[in-house]
Structure formats: structure tokens, C-alpha cells
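Trainee: Got a minute to go through a model with me? I'd like to take it piece by piece.
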Amino acid sequence: MIRQTSLFLGYELRFLLRNPVWPLFGIMQPVLYLLFFAPLLGKTTASGSMPEVLAMFTPGSMMMIALFGSLFAGFGMINETRNGVLERLAVSPAWPPAIILGRVAKDMLVLVIQAILVMGVAILMGLRIGLPEFLIMLLLMAVTGLFAASLSYGLALAIKDENGVSQLVQFFAMPLTLIAGLFLPVSLGPDWLQTLARFNPLYYGVEAGRSLFRGDLGDSTIPIAFALLIGLALITLVWSMRSLRRLAA
Amino acid sequence: MIIEAHGLRKTFHAKRGRGKTEEVEAVRGIDLEVQKGEIFAALGPNGAGKTTTVRMLATFIAPTAGTARVAGFDVVKEAAKVRENIGYVSQAGGVDENNPGIEQLLLAGRIAGLSKKQAQARADELLAAFSLTEIARRPARTLSGGQKRRFSIALGLVTAPPLVFLDEPTTGLDPQNRANLWDEVRALRDRGTSVLLTTHYLDEADALCDRLVIIDHGTVVAEGTPSSLKKEVAGDVVTLRLKGVDDAAEVLRAQSYVKEVRTEEGLLRAYLDDGEHGLPHLLRVLEERDLTLESISLDRATLDDVFLRHTGRSLRDAA
């Protein structure tokens with residue numbers, strides 16, 4: 001099982017190494033936000049200092065790559081539902097879950113590397129973060145990627161239509177972004193918005209990130225975020241694997 | 001016997017609007033027997049149920065009724081065993097456009113349990129056999145249709161299966177590439193691989209396969225070798241274009257050397273065992289009745305005549 005998954009992962013990674021440019025474009029958006037939007041946020045934090053602003057804003061900008069990058073991971077698979085690739089793999093001796101797991105593992109890895117680069121930029125701009133927090137943040141990103149990518153493959157295999165999937169992802173991405181307080185903490189907003197945010201798994205991801213960047217390892221949002229994202233990731237993984245199995249019929 | 005199918009049926013429930021479903025009987029009871037080491041064709045118009053039949057045999061979909069054993073294993077109860085023993089090349093090809101063919105061959109080998117070395121050796125072997133070595137490292141999207149088709153067949157053969165399914169292997173290829181592919185399929189048989197292919201090309205079935213079934217509306221309408229099937233119809237066909245088709249048909253049906261007569265609008269087909277000798281007689285009889293011909297041709301009977309005889313229509317019109 002692990003062998004099969006790593007075979008598919010290796011295949012995907014070799015593709016990535018031949019075309020290493022595309023994931024770099026993915027981090028342009030958060031980096032631009034860090035450079036040109038974060039400086040506007042001086043008034044939203046207590047001291048208004050750059051490190052404090054960055055500690056508030058960087059986690060949100062990292063979630064952005066997950067939302068606008070990993071959520072589109074399934075796109076490539078839509079074409080494979082038509083060109084016979086998945087069909088061929090389905091009757092091959094491959095362990096079926098490995099077909100999805102290998103890809104999801106690649107997407108997690110890409111997201112973690114993107115996260116390292118974005119945090120690197122933030123650190124260059126003045127962000128201060130300890131090593132344990134840094135590593136836990138990467139783990140959080142990996143789990144977020146696991147969820148976002150599995151959801152994307154699930155959608156791709158269920159809908160099998162590029163137009164449908166892109167519309168649907170956009171439809172969900174925007175409100176999820178706003179209600180998660182991706183750009184500004186929802187704690188600045190009215191009660192109803194804060195209540196609404198509690199139903200958004202992404203909110204916990206962003207808040208957990210902010211706690212980590214503040215050095216507040218004991219904050220309850222961190223375990224909640226991990227539990228929620230892992231739980232959702234498992235559900236979407238199972239869903240996408242089932243869709244893959246149904247594809248043949 | 002590498003394939004043995006009895007009474008295969010497949011009924012799909014297609015959604016038609018809200019809450020309504022329509023039953024589509026794609027395959028309505030097909031019996032098939034494919035011998036080891038032969039090229040076997042399923043010939044029929046588009047929508048006849050060829051692909052559905054192959055998909056049942058390749059364990060994609062479970063039959064609604066009937067049983068089939070492929071390479072000695074039951075397609076429902078021992079699907080995994082069947083998969084280990086078949087190669088399947090779909091109509092769509094199954095080539096990943098974004099990656100080079102060699103990568104795909106290596107992955108296919110590794111997931112089938114080969115070591116890195118074995119997978120590399122097998123890939124090299126297949127690349128050489130299908131003249132793909134030079135383009136092995138190019139992304140598949142940059143390849144021509146014929147090259148991609150060769151890759152898709154190579155991918156189906158990575159595990160060196162005793163049986164390979166080729167679903168419409170030459171659809172969309174130019175005549176040169178088709179002829180080359182036929183040679184490659186024959187080479188497969190010569191190496192001992194059994195081949196089941198589907199096609200809607202008459203000449204392909206005729207030139208390539210050892211035995212075939214003709215499938216129409218989900219049932220087998222004829223089975224045999226190309227030559228025996230054609231012989232059943234007659235050796236030759238005389239096609240006449242004339243006014244008074246019905247009169248001519250009546251006259252010709254009374255002639256002892258005419259086996260069968262079929263008519264369409266303004267067109268008459270007379271089946272003769274020996275066209276060269278029958279034709280002068282036939283012309284004389286028509287002349288005696290003052291039936292004037294517009295045109296005439298004498299051809300060897302084809303599988304289309306077989307199809308026509310069993311289904312009442314020409315395969316060329318059936319699609």
C-alpha cells in the first residue's frame with residue numbers, strides 16, 4: 001500500500017520537477033498580499049508594529065494558497081476521467097486508493113513548500129517565530145492541504161466537468177475566505193459574524209495559525225483546527241475514493 | 001479457451017429528466033468463445049454493445065446477467081485475478097498527456113509489482129517493439145495520434161498479459177498508421193498473446209482477425225471466420241442500378257445460379273457463387289425482359305454483405 005502510494009507520489013513529483021514553475025505562481029498571490037496589503041493593517045493590531053501585523057496576517061495569507069491552490073488540485077483529474085487514464089489504472093493491479101493518495105501526498109508536499117517560502121518572505125519582512133511554532137504551522141498546512149486536495153479530487157470525480165468544478169470552488173472559496181477572517185480577524189467584527197465563523201473549519205485553521213505565530217501554543221483553536229481538518233480530510237478522502245470506484249460503472 | 005462468455009447482459013438505467021429513468025439494454029445476451037492465441041474481433045455499428053461487452057469482460061462493470069470466464073477466472077467473483085491477466089486499451093487511449101510515455105510505462109510496470117530494473121527493461125522492450133524509443137521522453141501531448149495509440153497499446157502490454165482487449169484500436173488513424181497497427185497486432189498474436197478487438201471497420205475485421213462475431217443491437221448475429229461468413233452469403237455480389245428493380249428481382253430469383261437477391265431503392269444486389277460465369281447469363285436474362293441497366297458492378301462478397309444478410313441493413317448505414 002505504502003509502496004503503491006509512493007510510486008504514484010514519485011510519478012507526480014517527477015512531473016513537478018520537470019515543470020517546477022507553476023507552484024511558484026501559486027505563492028505570488030500571498031506574497032503580494034504580504035507586501036502590499038499587510039502594511040495597510042497597522043491600525044488593526046494593538047501596537048501597530050510590523051512583526052505584530054505579520055503575525056496576524058501571515059497565517060491568513062498561507063491559508064489562501066490552500067484555498068486557491070490545493071482546492072484546484074482536482075482539475076487535472078477531470079481530464080483523466082475522459083482520456084482513459086483513470087480507467088486504465090482502475091483495471092491495473094494498482095491498489096485503487098493509492099491513485100488518489102499519491103496525488104494528495106504530492107499536493108500536501110507542494111503546499112508545505114509553498115508555506116515555507118511564504119513564511120520565509122514574512123520573516124524577511126520582520127516576522128518573528130520560534131522553531132516549534134514554525135514546524136507545527138507546517139504540519140497545520142499539510143493537514144489543510146490534505147483536506148483541500150481530497151475535497152478537490154472528490155469534486156472533480158463527482159462532477160467531471162471543468163466549468164462546474166471551477167464555479168463551485170469559486171462559489172465556496174469566497175464566503176469561506178471572508179467568514180474565516182482570512183484578511184482581518186473576525187474578532188474585530190460583530191457577534192453574528194463571530195458566531196457564523198465558528199461553523200467554518202477554515203476559521204479554526206487561521207486562528208490556530210495566529211495563535212502559533214503569537215507563540216501561544218496552549219490556545220484551544222490549535223487542537224480544534226487539527227481535529228477538524230483531519231476529520232474532514234478523512235471524510236473527503238473516502239468520498240473521492242468511492243467516486244473513483246464508481247467511475248468505472 | 002481464454003474467454004468464455006454465456007448469456008451476458010447489461011442493462012443501464014439512464015436518467016431522463018426529473019425522477020424518470022429509462023432502461024437501456026446495451027447488451028442482450030451475448031455468447032463468446034475466444035481461443036488462446038487468436039485475434040478475435042467484435043464487429044458492429046456504433047452503439048451495438050461492443051464496448052459494453054468488452055468492459056464487462058475486463059471487469060469494469062458487472063454483467064446484469066450471464067457469466068464469463070476470462071483467462072480462467074470468473075469476471076465477477078475473481079475480478080482481481082482477471083485483471084492480473086489482461087491488458088485493456090480503451091477507445092480513449094489512457095495516455096497521460098502531460099507526462100512522457102516512458103514515465104507512464106515505468107509506473108505501469110512498478111504498480112504491477114516489477115522492480116525498478118525489471119520495469120525499465122520491460123519499458124525498453126516495448127518502446128523498441130512499437131518504435132517509440134526516440135519519442136519516449138517527450139510529453140505525450142506533443143505526439144501524433146498514431147504515436148499516442150502505440151503508446152496506449154504498449155501501456156496495456158506492460159504486464160505481458162496473455163490476453164489484451166483493444167477497443168476500437170484504429171479509430172481516427174490514417175490509413176498508413178492503421179496498416180502499421182495491424183502489423184503490430186499480428187506480431188502480438190505471433191508472440192502468443194490473444195487479442196479481442198472491437199471495430200466498426202469491415203476491412204479491419206476482414207484483414208486482421210482470425211474469427212469474429214458480428215454484433216448488432218446487443219446480440220451476436222453471426223459468428224465465424226471472415227471467409228466462412230462470406231462464403232455463407234456467396235462468393236460474389238453483382239450490384240445493379242436500374243429502373244424496374246422489382247421485376248428484375250423476380251426474374252433473377254428464378255435463376256438457379258443466383259443464391260439470393262436483395263433490393264433497395266433503384267438498387268439490386270444479386271449474390272452468386274461464381275460471379276465471372278454467372279454474370280453473362282444474368283445480363284442475357286435481363287436483356288430478354290427489356291430491363292435497361294444504368295450501371296453494373298461485380299465484387300467479392302464482403303463482411304458488409306454478411307451484415308446486410310443478418311440485419312437487413314448495411315453496416316455503412318447502420319451507425
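Trainee: Which strand does L267(B) lie in?
Mentor: L267(B) lies in strand β13 of chain B, residues 267-272. Helices (H or I, at least four residues) and strands (E, at least two) are DSSP runs, numbered from the N terminus. A caution before we go on: this is a predicted model, where local features need pLDDT of at least 70, side-chain atom pairs count only at pLDDT 80 or more, and totals for chains, interfaces and linings use all residues. Residues are numbered from 1 along each chain as its sequence is written, and chains are lettered from A and ligands numbered from 1 in the order in which they are written.

Trainee: What does L267(B) count as, buried or exposed?
Mentor: L267(B) counts as partly exposed, because it has 14 C-beta neighbours inside 10 Å. Buried takes 20 or more other C-beta atoms within 10 Å of the residue's own, exposed 12 or fewer, and partly exposed is in between; C-beta atoms are placed from the backbone.

Trainee: And what is L267(B) in contact with, leaving aside its neighbours within four places in sequence?
Mentor: T239(B), R241(B) and V245(B). Contact means C-beta atoms, placed from the backbone, within 7 Å. L208(B) is 59 residues from L267(B) along the chain, and their C-alpha atoms are separated by 30 Å.

Trainee: Zooming out, how many helices and strands does chain B have?
Mentor: Chain B has 12 helices and 14 strands. Its C-alpha trace spans about 80 × 50 × 40 Å along the principal axes. Of its 319 residues, 45% are buried. Take the contacts in chain B with a separation of 6 or more: residues 24 or more positions apart account for 69% of them.

Trainee: How many residues of chain B are in contact with chain A?
Mentor: 24 residues of chain B, against 18 residues of chain A. On the chain B side, α2 (79-84) and α3 each supply at least two residues. The largest share comes from α3(B), with five residues. By class, that side has 11 nonpolar, seven polar and six charged residues. Ala, Val, Leu, Ile, Met, Phe, Trp, Tyr, Cys and Pro count as nonpolar, Asp, Glu, Lys and Arg as charged, and the others, Gly among them, as polar.

Trainee: How many residues of α3(B) are buried?
Mentor: 11 of its 11, residues 101-111. Among them are E103(B) and R110(B).

Trainee: What covers the buried residues of α3(B)?
Mentor: The cover includes α1 (2-18) of chain A, plus α4 (116-129) and α5 (145-156) of chain B. Just after α3(B), G113(B) has a positive phi of about 100°.

Trainee: Over to chain A. At what angle do α3(A) and α6(A) cross?
Mentor: Roughly 155°, with the axes coming within 10 Å. Axes are lines fitted to C-alpha atoms, for helices over the stretch in contact, and angles run from 0 to 180 degrees between N-to-C directions. The two helices are therefore roughly antiparallel. The cut-offs are under 35 degrees for roughly parallel, over 145 for roughly antiparallel, 65 to 115 for roughly perpendicular, and oblique for the rest.

Trainee: Which residues meet there?
Mentor: From α3(A), they include L54(A), M62(A) and I65(A); from α6(A), they include L111(A), V118(A) and M119(A). The contact of α3(A) with α6(A) divides into nine nonpolar, three polar and no charged residues.

Trainee: What about α2(A) and α6(A), at what angle do they cross?
Mentor: Roughly 35°, and those axes also come within 10 Å. The contact includes P23(A), I27(A) and L34(A) of α2(A), and V110(A), L117(A) and V121(A) of α6(A). The residues divide into 10 nonpolar, two polar and no charged.

Trainee: What should the 29 residues of α6(A) span?
Mentor: 42 Å at 1.5 Å a residue, and the end C-alpha atoms are 43 Å apart, which agrees. The expected span is 1.5 Å times one less than the number of residues.

Trainee: Last topic, backbone oddities. Where is K160(A) found?
Mentor: In the loop between α7 (131-159) and α8 (162-179) of chain A. Its phi is near 55°, positive in a residue other than glycine. Most residues other than glycine have a negative phi. K160(A) is partly exposed, with 16 other C-beta atoms within 10 Å.

Trainee: And where does A160(B) lie?
Mentor: In the loop between α5 and β7 (163-167) of chain B. A160(B) is not a glycine, yet its phi is positive, about 50°. With 14 C-beta neighbours inside 10 Å, A160(B) counts as partly exposed.

Note on methods. Contact = placed C-beta atoms within 7 Å.
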